[in-house]
Amino acid sequence: MTGAPEAEPARGAGPRAAPDRPVKVAHVVLSLNVGGLERVVLRLLERTSRERFAPVVCALQEPGALADELARLGVPLVVLSRKPGLDPGLPVRLAAWLRREGIGLVHTHNPGPHLYGALAASLARAASFAGGGGGGGGPRVIHTKHGRNYPKQKRKVLVNRLAAALTDRVVAVSDDTRAVVLEVERVDPAKVVTILNGVDPEVFRPGDAGAARARLGLPASGYHVGCVARLSPEKDHATLLTAFARLREVRPDAHLTVVGDGPVRPALEQQAARLGLGGAVLFTGTRGDVAELLPAFDVFALASLTEGISLTLIEAASAGLPIVATRVGGNPEIVQEGETGLLVSPGSTEPLAAALEAIAVRDDRAEVGMRGRARVIERFGIDRMVRAYEDLYAEVLRG
């Protein structure tokens, strides 16, 4: 763990024994690899009031590619390596760490960390009670549900329900995710809060298309389609590539840029070659300058089979791009059909190609994108998200 360790709190003392000090908040994640969840966590860490809360990150697998950001933010990191499969000893080790560090609030992100974090917090509270700390000792738990988390898999639903029973509040990042929490996992409605993911519209904003295209080595003219997403099966880039090949039949000036990396990249590159797309498709790999790249595109496309609420869609909308996306998860909460973009059914090649062509010929394409940016500023601002989490932290700690 980076930074000097804190002294172990006195036996029986609750983590809120010194109200004049910031409350320690432990964000429990699997890792900080590249992804929307991880970027939301980093943005929350960056802007959380240090006068009120002292954040720390606990990774259960590995630090991850984005872990270096924590040093810049001055946030300590500890890795408690989870054993393969179910690790019954991990809650015990995690509980001991929570007690040793005097953690006042555990904030978990996605199912595995939720289960282990909630169990560990319960063990830490029990130890505090047994040590004479009373019922108020030990950390409270907030969980953010960043995705739908397999609502059709009964075993995983039951595990999520168990973890929620040990949790003070469950945060849904979209109305769709909230419906899964309430209707599938049957979590007590009094525990459920909706906090939309947020981005900084001053960072993700319209820019110079020519400069952005030059940055990517793209042609200055033509119809540019962009996609930013991890190259994994659920993002369904395969359908996007097939739809783009259809688009090229009527728009030979079209170019597709795919930003991101992941396990299916080799298969996608082979598919692009089979489709004869040649120099019409660029795979950039992971990029740290997405905000500077987005102005290169005329439209942003996302063909996901499932989403919680897509951070990349919010970023694209904030940059003033019209959007073509699948009608899954929280995507319809970002994209207003016909007003800020177009929605299509997942896995549907022809409708996706037709939607991309429809955006290409719209005279008001720029206005479509700016209406999307206005919606982001209204509903998906980063400051709104951070304030909502800080208010929730305070509410739970008071309880």
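**Strand 4**

I started with strand 4, residues 105-109, in this predicted model. It is mostly covered, with five of its five residues buried. Which residues sit on each face of strand 4? I found Leu105, His107 and His109 on one side, and Val106 and Thr108 on the other. Both faces are covered, and I noted each of these residues as buried.

Next I looked up the neighbours. Strand 1, residues 23-29, pairs with strand 4 in the parallel sense, over four bridges. I picked out one position here: Val28 stands opposite Thr108. Strand 5 also runs parallel to strand 4, and five bridges join the two. For His107, I wrote down Ile142 as the bridge partner in strand 5.

**Second largest cavity**

I then went looking for enclosed space. The structure holds two cavities of 30 Å³ or more, and I took notes on the second largest, which has about 50 Å³ of space. Which elements each supply at least two residues of its lining? My list reads helix 4 (111-133), strand 5 (140-145) and helix 5 (154-165). Strand 5 I had already met as a parallel partner of strand 4.

The lining residues I jotted down are Pro111, His114, His143, Lys145, Asn149, Asn160, Ala164, Val170, Glu185 and Val187. Sorted by class, that lining has four nonpolar, four polar and two charged residues.

**Salt bridges**

How many salt bridges does the structure hold? I have 26 in my notes, and I followed up a few.

Arg72 forms one with Glu46, and the closest N and O atoms are 3.6 Å apart. Why does this pair tie together separate parts? Arg72 lies in helix 2 (residues 68-73) and Glu46 in helix 1 (residues 36-47), so the bridge ties together parts that are 26 residues apart in sequence. I checked exposure as well. Arg72 is exposed, at a relative accessible area of 52%, and the cut-off for that label is over 50%. Glu46 is partly exposed, at 40%.

Glu390 and Arg52 were next on my list; their side chains meet in a salt bridge at 3.7 Å, N to O. This pair links distant parts of the chain, 338 residues apart. I placed Glu390 in helix 15 (residues 382-398), and Arg52 in the loop between helix 1 and strand 2 (53-59). Is Glu390 buried or exposed? It counts as buried, at 10% relative accessibility, because buried means under 20%. Arg52 counts as partly exposed, at 35%.

I also noted Arg251 and Asp253, whose side chains meet in a salt bridge at 3.1 Å, N to O. Asp253 is partly exposed, with a relative accessible area of 34%.

Last in this section, I found a network of salt bridges that links Glu339, Arg362, Asp364 and Arg371.

**Cysteines**

I finished with the cysteines. How many disulfides does the structure hold? The count is zero. I looked up the exposure of Cys58 and got 0% relative accessibility, which counts as buried. Cys227 is buried too, with a relative accessible area of 1%.

How values were computed: Residues are numbered from 1 along each chain as its sequence is written. This is a predicted model: local features need pLDDT of at least 70, side-chain atom pairs count only at pLDDT 80 or more; totals for chains, interfaces and linings use all residues. Side-chain values use heavy atoms; hydrogens and water are left out. A salt bridge is a side-chain nitrogen of Lys or Arg within 4 Å of a carboxyl oxygen of Asp or Glu. Buried means under 20% relative accessible area, exposed over 50%, partly exposed in between (1.4 Å probe, protein chains only). A disulfide is a pair of cysteine sulfur atoms within 2.5 Å. On a 1 Å grid over the protein atoms alone, a cavity is a set of points where a 1.4 Å probe fits but cannot get out, and a pocket is an open set with protein on both sides within 12 Å along at least five of seven lines; lining residues have an atom within 4 Å of a point. Grid points are joined across faces, edges and corners, and a volume is the space filled by probe spheres set on the points. Ala, Val, Leu, Ile, Met, Phe, Trp, Tyr, Cys and Pro count as nonpolar, Asp, Glu, Lys and Arg as charged, and the others, Gly among them, as polar. Two strands pair if DSSP finds at least two bridges between them.
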